[in-house]
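Here's a quick tour for anyone meeting this protein chain for the first time. Take a look at the model, then read on.

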Amino acid sequence: MYVGAGVAVVGLLAGLGTLGSLRSTIERQNPSATHAYVDSSLGTAVFSIIALGAVGAALWLLMARLTRRGERRARTLSTMLFALATLIALNLSSRGEATPLSGAFGALEWVVGLIAIILLWSAPSRRYFDSLPPTRPGSPPSARSPSLRERAESQRNQSPQRDWPAQRR
């Protein structure tokens, strides 16, 4: 996940480095556009590149931290964020709003995300998350509630006791 954060930051810098070609693309696609329109479009692109790159890097680092702490929600949240990133990438690429370099970094970040998701749901990762005690946000580890697996195991290990009246014969 740290690799994903690094790719996001390098992609942000590469996106900012391609502003000249982005300007010429905007001018080529809109030959009758005014200088103010091109500048406005370029400003919007700069904001989008910085916002998406910074948010992407921050989310990569957050997911790495949650995973390292062993929070079970990290896998689900990472998968949902990967699905959202996939939809955003498909939308941007279908509309042609990416330069070849920024598109390449976006594809590279997507591949890193796919690898991270595969590793998060692999058997060794599952054993890692299962070996850690579940924690609730804001509660000390000693006051944790048992996981569903622990509850099921404790119910199987208990002797069958009836808590209802005996059946009539």
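What follows goes from the whole chain down to two of its helices and a patch on the surface.

**The whole chain**

First things first: this is a predicted model. The protein chain has seven helices and zero strands, so reading along the sequence just gives you α-α-α-α-α-α-α, as the definition of helices and strands sets out. Of the 169 residues in the chain, 24% are buried. Take the contacts between residues at least 6 apart in sequence, and 71% of them join residues at least 24 apart. As for the outside, the accessible surface comes to about 11800 Å², and carbon and sulfur atoms account for 64% of that.

**Helix α2**

Which residues of helix α2 are buried? In this helix, which runs over residues 19-29, they are L19, L22, T25 and I26. They sit on the same side of α2, because the arc they cover around the axis is only 115°. Look at the other side of α2 and you'll find G20 and R28 exposed. The cover over the buried residues of α2 includes α1 (2-17) and α3 (35-68).

**Helix α5**

Helix α5 spans residues 100-120, which makes 21 residues. From its first C-alpha to its last it reaches 30 Å, close to the 30 Å expected at 1.5 Å a residue. Its buried residues are V112, G113, A116, I117 and L120. Their arc around the axis is only 140°, so these residues too lie on the same side of their helix, α5. And what do the buried residues of α5 pack against? Their partners are α1, α3, α4 (73-94) and α6 (123-131). Over on the other side of α5, P100, I118 and L119 are exposed.

Here are the two helices lined up:

| Helix | Buried residues | Arc of the buried residues | Exposed on the other side |
|---|---|---|---|
| α2 (residues 19-29) | L19, L22, T25, I26 | 115° | G20, R28 |
| α5 (residues 100-120) | V112, G113, A116, I117, L120 | 140° | P100, I118, L119 |

**A nonpolar patch**

Two of those exposed α5 residues, I118 and L119, turn up again on the surface. Together with W110, V111, L114 and I115, they make a nonpolar surface patch of about 520 Å². One member to pick out is L114, which also belongs to helix α5. Is L114 buried or exposed? It falls in between: L114 is partly exposed, because its relative accessible area is 31%, and partly exposed runs from the 20% limit for buried to the 50% limit for exposed.

Methods:
Residues numbered from 1 in each chain as written. Predicted model: local features only at pLDDT ≥ 70, side-chain atom pairs only at ≥ 80, totals over all residues. Heavy atoms only, no water. Helix = DSSP H or I, 4+ residues; strand = E, 2+ residues; numbered from the N terminus. Buried < 20%, exposed > 50% of the residue type's maximum accessible area, 1.4 Å probe, protein only. Contact = heavy atoms within 4.5 Å. Areas by Shrake-Rupley, 256 points an atom, 1.4 Å probe, with all protein chains shown as cover. Arc of directions from axis to C-beta. Expected span 1.5 Å × (residues − 1). Patch = residues over 30% accessible without salt bridge, like charges linked within 9 Å, V, L, I, M, F, W, Y side chains within 5 Å. Salt bridge = Lys/Arg side-chain N within 4 Å of Asp/Glu carboxyl O.
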